[in-house]
Amino acid sequence: RPPYAMAGPAALARHPPFTAEVTVDGVTHYVTTHQLNIANGAAHAGSRIAVDAGIDDGLLVAYPLGGPARWSAMAGTVEQVLTPHRTLVHKGHLVGRQIRVVTDPRLPVELDGETVTATPLDVTVDRNALLMMVPDSFADT
């Protein structure tokens, strides 16, 4: 986590906010932020996203870190880290099976720190797409 804390403020100082049209399962929301995250799992940067977030629930979670002000991005990061016990809905996160993000202008999209494409972006989850070996005692939910 220390590298995030050190690199974040420097990057934020030269990063303008953007507005994104985020459509989750057909419902459109507009967010203005410095960072929009989409997760399929329970953790982000070593912290739990929410008490009810999971990697095997077939759901995606979209959440901005703060609003348009630079300080709100830092405050949003701190809030995210300090509230892992809250539910996704209580935290105001957008939850669904299909997410589309549109920005104007087009913006780069990073996946685990690597730029892989640009907006517009369509994200879905393919349940049971990854086969894994697990003990016989594993209960698949």
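**Exercise 1. Which residues does valine 22 touch, not counting residues up to four places away in sequence?**

*Solution.* The structure under study is a predicted model.

Step 1. List the contacts. Valine 22 touches Val27, Thr28, His29, Val31, Leu36, Ala62, Leu94, Ile99 and Arg100.

Step 2. Place the residue in its core. The largest nonpolar core has 13 residues, and Val22 is, with Ala20 and Ile99, among those that touch the most other members.

Step 3. Identify the elements behind this core. Two or more residues each are given by strand E1 (18–24), strand E6 (60–64), strand E8 (98–103) and strand E11 (121–124). The largest share, four residues, comes from E1.

Step 4. Look for a further core. A second, separate core has eight residues, including Ala50, Ala53, Val61 and Leu65.

**Exercise 2. Describe the overall make-up of the protein chain.**

*Solution.*

Step 1. Count the elements. The protein chain contains two helices and eleven strands. Along the sequence they follow the pattern α-β-β-β-β-β-β-α-β-β-β-β-β.

Step 2. Judge the compactness. The radius of gyration is 16 Å, and the globule rule gives 14 Å for 141 residues; these values are close, so the protein chain is as compact as a globular protein of that length.

Step 3. State the extent. The C-alpha trace spans about 50 × 35 × 30 Å along its principal axes.

Step 4. Consider burial and surface. Of the 141 residues, 30% are buried. The accessible surface comes to about 9,300 Å², and 60% of that surface belongs to carbon and sulfur atoms.

Step 5. Consider how contacts are spread along the sequence. Among contacts between residues at least 6 apart in sequence, 57% join residues at least 24 apart.

**Exercise 3. In what order do the four strands of the open sheet stand, and which strands are at its edges?**

*Solution.*

Step 1. Recall the principle. Strands of a sheet pair through backbone hydrogen bonds, in either a parallel or an antiparallel manner.

Step 2. Give the order. The four strands stand in the order E2-E1-E8-E11, and their pairing is antiparallel.

Step 3. Find the edges. Strand E2 (27–33) and E11 each have a single partner strand, so one side of each is left without a neighbour in the sheet.

Step 4. State the twist. Neighbouring strands of this sheet are turned by 20 degrees against each other on average, direction ignored.

Step 5. Examine one pair. E1 and E8 run antiparallel and are joined by five bridges. Valine 24 has isoleucine 99, in E8, as its bridge partner.

**Exercise 4. Carry out the corresponding analysis for the sheet of three strands.**

*Solution.*

Step 1. Give the order. This open sheet has the order E3-E6-E7, and the pairing is antiparallel.

Step 2. Find the edges. Strand E3 (36–39) and strand E7 (94–96) are the edge strands, each pairing on one side only.

Step 3. State the twist. From one strand to the next, the twist averages 15 degrees.

Step 4. Examine one pair. Three bridges join E6 to E7. Within this pair, valine 61 has valine 95, in E7, as its bridge partner. Val61 also belongs to the second core of eight residues.

**Exercise 5. Analyse the hairpin of E9 and E10, and compare aspartate 112 with aspartate 25.**

*Solution.*

Step 1. Establish the pairing. Strand E9 (residues 108–111) and strand E10 (residues 114–118) pair in the antiparallel sense over four bridges. Valine 109 stands opposite threonine 117 in E10.

Step 2. Examine the turn. Two residues lie between the strands of the hairpin, and aspartate 112 takes a positive phi near 50 degrees.

Step 3. Turn to aspartate 25. Its phi is near 50 degrees, a positive value in a residue other than glycine. Aspartate 25 is found in the loop between E1 and E2.

Step 4. Classify the accessibility of each. Residues over 50% relative accessible area count as exposed, and those from 20% up to that limit as partly exposed. Aspartate 112 has 77% and is therefore exposed; aspartate 25 has 42% and therefore counts as partly exposed.

**Exercise 6. Which residues are joined by cis peptide bonds, and where are the prolines placed?**

*Solution.*

Step 1. Consider proline 105. A cis peptide bond joins aspartate 104 and proline 105, with omega about 10 degrees. Proline 105 is in the loop between E8 and E9.

Step 2. Consider proline 120. Threonine 119 and proline 120 are joined by a cis peptide bond, with omega about 5 degrees. Proline 120 is in the loop between E10 and E11.

Note on methods: Residues numbered from 1 in each chain as written. Predicted model: local features only at pLDDT ≥ 70, side-chain atom pairs only at ≥ 80, totals over all residues. Heavy atoms only, no water. Core = buried A, V, L, I, M, F, W, Y, C linked by side-chain atoms within 4.5 Å. Buried < 20%, exposed > 50% of the residue type's maximum accessible area, 1.4 Å probe, protein only. Contact = heavy atoms within 4.5 Å. Pairing = 2+ DSSP bridges. Axes fitted to C-alpha atoms, helices over the stretch in contact; angles between N-to-C directions. Rg over C-alpha atoms; globule rule 2.2 N^0.38 Å. Areas by Shrake-Rupley, 256 points an atom, 1.4 Å probe, with all protein chains shown as cover.
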